[in-house]
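Please open the structure in a viewer and keep the selection tool at hand. The tour proceeds stop by stop, with a selection to make at each.

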Amino acid sequence: MKYPVNEVFETIQGEGVYTGVPAIFVRLQGCPVGCSWCDTKHTWDLLETNRVEPELVIQVDGTIGRWSHLTSDQLIHRLKQKAFTASHIVITGGEPCMHDLTVITETLNKAGYSTQIETSGTFTVLCSDETWVTVSPKLKMKAGMAVLPQALYRANEIKHPVATQTHIEDLDALLTNIDVANKTICLQPISQKKRATELAMRVCIERNWRLSIQTHKYLEID
Ligand code: SF4
């Protein structure tokens with residue numbers, strides 16, 4: 001099975017439960033969700049004209065929509081060539097769950113990597129049992145796609161972007177029939193706005209949820 005890889009880079013996970021953990025990010029190309037504030041719009045289209053050689057997507061340049069088809073084994077080979085030291089791999093996008101991620105996550109786990117997926121929850125999540133699944137529900141976005149119950153059931157972590165009280169109410173409605181006892185719920189202020197941060201902090205304290213700050217944006221790193 002081949003995956004359309006946009007870029008691969010090593011950095012520190014900047015948000016959510018794994019904040020501060022060294023990680024290799026594997027960004028897959030393609031996303032139909034249409035969030036207006038998306039900071040990776042270059043990953044939306046999977047254009048054949050932007051298909052490049054694998055070497056190019058292993059170098060960091062997340063500003064264009066280029067991509068290359070890689071198998072899991074080819075990906076691991078490239079990671080070893082780059083001599084990355086992180087053992088945690090974050091598969092992100094774009095929307096990675098447009099693809100069946102079972103093979104890539106199982107192969108990476110067998111090779112000794114821990115795996116994490118970051119998804120909008122709008123596609124069925126297919127991955128290894130040991131993969132940590134972070135669902136960041138994208139509600140009422142341009143494409144009008146629903147967040148799937150399967151994705152919420154499978155989630156280990158639900159990381160919700162918030163700016164206003166309406167976003168909290170949307171999350172409450174989404175989780176009405178979901179057992180969250182064994183899940184970590186994080187609120188993540190959108191765009192580092194002071195009002196959003198204060199709202200997220202207040203609700204996290206009230207409900208014993210976690211605050212997720214996009215530390216990489218404060219640090220001005222990828
Ligand atoms: S789901 Fe993610 S990649 Fe897709 S539009 Fe929204 S923020 Fe961007």
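In which loop is asparagine 208 found? The model to be inspected is a predicted one. Select asparagine 208: the residue is found in the loop between helix H6 (194-207) and strand E9 (210-211). Its phi is positive, about 60°, although asparagine 208 is not a glycine. Most residues other than glycine have a negative phi, and most peptide bonds are trans. Asparagine 208 is also exposed, with a relative accessible area of 72%.

Next, select alanine 83, which lies in the loop between H2 and E4, just after H2. Here too a residue that is not a glycine has a positive phi of about 60°. The relative accessible area of alanine 83 is 56%, and the residue is exposed.

From alanine 83, step back into helix H2, residues 72-82. Which residues of H2 are buried? Colour Ser72, Leu75, Ile76, Arg78 and Leu79, for these are the buried ones. They lie on the same side of H2, because they cover an arc of only 160° around the axis. An α-helix has 3.6 residues a turn, so residues three or four places apart point the same way. Now turn to the other side of H2, where Asp73, Lys80 and Gln81 are exposed.

To see what the buried residues of H2 pack against, display strand E1 (2-12), strand E2 (22-28) and helix H1 (54-58). Add strand E3 (68-71), strand E4 (88-92) and helix H3 (102-110), which are also among their packing partners.

Keep strand E2 selected. How many of the seven residues of E2 are buried? Six of them are, so E2 is largely enclosed by the rest of the structure. E2 pairs with E1 in the antiparallel sense, over seven bridges. To inspect one such position, select valine 8 and valine 26: the latter, in E2, is the bridge partner of the former. E2 and E4, by contrast, run parallel and are joined by four bridges. Select isoleucine 24 and, opposite it in E4, isoleucine 89.

For the last stop, move to the loop between E4 and H3 and select glycine 94, which lies there. Include glycine 93 in the selection as well, since the two glycines should be viewed together. Which kind of peptide bond joins glycine 93 and glycine 94? The bond is cis, with omega at about 10°.

Definitions and conventions. Residues are numbered from 1 along each chain as its sequence is written. This is a predicted model: local features need pLDDT of at least 70, side-chain atom pairs count only at pLDDT 80 or more; totals for chains, interfaces and linings use all residues. Side-chain values use heavy atoms; hydrogens and water are left out. Buried means under 20% relative accessible area, exposed over 50%, partly exposed in between (1.4 Å probe, protein chains only). Helices (H or I, at least four residues) and strands (E, at least two) are DSSP runs, numbered from the N terminus. The arc is that of the directions from the helix axis to the C-beta atoms. Contact means heavy atoms within 4.5 Å. Two strands pair if DSSP finds at least two bridges between them.
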